[in-house]
Each structure stands twice: as C-alpha cells, then as structure tokens.
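Visitor: I should like to take a close look at one part of this structure, namely a place where two helices pack against each other. Please begin there, and then show me how that part sits within the rest of the chain.

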Amino acid sequence: MSRRRIGFWYRLAAVIAKPPLIVLFKRDWRGMEHIPAEGGFLTAVNHNSYLDPLLYAHFQYNTGRVPRFLAKASLFKPFFVGAMMRGTGQIPVIRATTDAAAAYRAAVQAVNDGECVAFYPEGTLTRDPDQWPMTGKTGVARVALLTQAPVIPVAQWGGNEFLPPYAKKPSFLPRKTHRVQAGPPVDLSAYYGKEPSAEVLREVTATIMGAVKNLLAELRGEPAPAELYDPRKAARREREGA
C-alpha cells in the first residue's frame, strides 16, 4: 500500500475539527511540496501548544497524506475519542513500560506499509523559555534508521500564541495565524548501515531537531539559539543552584 486511504473516521474528524480551526486561525502554510506524494515517510514536528496535533493534522490532511501520531494510551479509553483515535489509525504509547516498544514496531510497520507517522520528538510541550524546540527523544531516529524512509522536518508557530504552553485560557483576539514550514528530507544517509548505538541515535535525533529548529527560525524571522534547550541539564543546574 503506497498511501493510507483517508477513510470515514479521518473525514469525520475533519468535518468536526476544520470549521472551528478555520474560524480561529488564519493560515500561512509553506513547504507542502516536500510532503511525499507516495510511499512511507516520517515527519518530525516541534511542540509548543496543546492544539498542535489538531493544527498540524489540518495542514497535512490538506496535502492528501494523513498522519498517524504516536499518542498517549489514555486517549484511547474514552468511548467516542477512543473510537476516533483507533479509526484514524493513531498509535497508542504506554510510556515508561516495555509496551512502549510495541508502538515503535507499529510505527515501523506503518512506514513500511507506505504511510506517514508524525513524531513530536520532544515528547512533551517545550519548556524552553523562548519556545524554541528542546532536545529530542530517540524514537524518531530508531524508526528512521530501521525504515530508511524520508524524514520531513516541520516547524509550526501560532497555536502557542492562541494557547501558550501549559496555559489554561486561550487568547482569541486578535485572530492568530497558524504558520507551518515543511522542509526537504533530512539527509541521514551517513548513518545507514551503522549499529544503532545510543550515540548514533542521539546524533541522528540532534540532526533532525537541528533541521526543525532552523525551519522555526525562518518562520519566526529571528536567529535560533546555538544549542537546543535540554530539560535534564536545566533541572540539574537548578538543583545545583538550590
């Protein structure tokens, strides 16, 4: 199978989600030509608002290639939401358990079957004070090396202006613009055939996140920081300074 049929559940999700998104957000979407028309691929997207999955899914839905996200297993429990998640082919992840490996096997299978799997490599909303991407987790690197499928870096901005990270109340006015910049595939050919050691996986992840960071700098029109924010290092510095 070269591409996932959009199907009933994804179309239903679009019918429910697109109208309010169109009302709430203007759109500045660039780089759709980099989304492959055929074959399996991955996208790596920055994460700075709880609205990101809906906003990014809207962007990619309009390319004709629907994404499958790795999502918390708890989202699959509510009756209607769970049915929607399963019907649209999202992949449940049980964090911090051995079952998490099953999610990555499912991601590899989906890519090999010609589908798109969308990753938020940061694993959570950014904690960077200026909302730049953080260091990423290595799951996207594992799937990329196993499948050798294209990895499309994607930066988005605007959802965080409507609903900032960890905020409880949205800001409706003025109307916000959802900006997306998708880039060409990240060149990971130097890593193909290498043993996927922890060091190699970290290097691949850093390469992918560097591409996302640079695209976000283009969207924001300002230089990106030289290094990605590392929450573990930040927590260590905070403990040492306490």
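Guide: In this predicted model, the axes of helix 5 (residues 139–147) and helix 7 come within 8 Å and cross at roughly 100°. An angle from 65 to 115 degrees counts as roughly perpendicular, and helix 5 is therefore roughly perpendicular to helix 7. On the side of helix 5, the contact is made by V140, A141, R142 and L145. On the side of helix 7, the residues in contact are V200, L201, V204, T205 and I208. Sorted by class, this contact of helix 5 with helix 7 has seven nonpolar residues, one polar residue and one charged residue.

Helix 7 also leads to the strands. This helix, residues 198–220, lies across strand 1, strand 2 (41–45), strand 6 (151–157) and strand 7 (176–182). Its direction is at about 35° to strand 6.

These strands belong to an open sheet, which is formed by seven strands in the order 1-7-6-2-5-3-4. The pairing within this sheet is mixed. Its edge strands are strand 1 (25–30) and strand 4 (91–93), each of which pairs on one side only. On average, and with direction ignored, neighbouring strands of the sheet are turned by 25° against each other.

One pair within the sheet may serve as an example. Strand 3 (residues 67–72) and strand 5 (residues 116–119) pair in the parallel sense, over three bridges. P67 has C116 in strand 5 as its bridge partner.

Let us return to helix packing, now with helix 1. Helix 1 (residues 7–24) packs with helix 2 (residues 52–61) at an angle of about 110°, and their axes are 10 Å apart. That angle makes helix 1 roughly perpendicular to helix 2. The crossing in which helix 1 passes helix 2 is left-handed. Helix 1 contributes Y10, R11, A14, A17, K18, L21 and I22 to the contact, while helix 2 contributes L54, L55, H58 and Y61. By class, the contact of helix 1 with helix 2 has eight nonpolar residues, one polar residue and two charged residues.

Helix 1 has a further crossing, with helix 3 (residues 79–87): the axes of these two helices come within 8 Å and cross at roughly 125°. Helix 1 and helix 3 are therefore oblique to each other. The crossing of helix 1 and helix 3 is left-handed. Here W9, L12, A13 and I16 in helix 1 meet F80, A83, M84 and G87 in helix 3. Classed in the usual three groups, the contact of helix 1 with helix 3 has seven nonpolar residues, one polar residue and no charged residues.

The loops deserve a look as well. The loop between strand 5 and helix 5 holds Q131. The phi angle of Q131 is near 65°, a positive value in a residue other than glycine. Another loop, between helix 6 and strand 7, is where Y166 is found. Phi of Y166 is near 70°, which is likewise a positive value in a residue other than glycine. P174 has its place in the loop between helix 6 (159–162) and strand 7. The peptide bond that joins L173 and P174 is cis, with omega at about -5°.

Finally, consider the chain as a whole. The chain has eight helices and seven strands. Its radius of gyration is 17 Å, close to the 18 Å that the globule rule gives for 242 residues, so the chain is as compact as a globular protein of that length. Taken along the principal axes, the C-alpha atoms of the chain fill a box of roughly 50 × 45 × 35 Å. The part with which we began, the crossing of helix 5 and helix 7 at roughly 100°, thus has its place in this chain of eight helices and seven strands.

How values were computed. Residues are numbered from 1 along each chain as its sequence is written. This is a predicted model: local features need pLDDT of at least 70, side-chain atom pairs count only at pLDDT 80 or more; totals for chains, interfaces and linings use all residues. Side-chain values use heavy atoms; hydrogens and water are left out. Axes are lines fitted to C-alpha atoms, for helices over the stretch in contact, and angles run from 0 to 180 degrees between N-to-C directions. Helices (H or I, at least four residues) and strands (E, at least two) are DSSP runs, numbered from the N terminus. Angles under 35 degrees count as roughly parallel, over 145 as roughly antiparallel, 65 to 115 as roughly perpendicular and the rest as oblique. A crossing is left-handed if the near helix is turned anticlockwise from the far one by less than a right angle, and right-handed if clockwise. Contact means heavy atoms within 4.5 Å. Ala, Val, Leu, Ile, Met, Phe, Trp, Tyr, Cys and Pro count as nonpolar, Asp, Glu, Lys and Arg as charged, and the others, Gly among them, as polar. Two strands pair if DSSP finds at least two bridges between them. The radius of gyration is taken over C-alpha atoms; the globule rule is 2.2 Å times the number of residues to the power 0.38.
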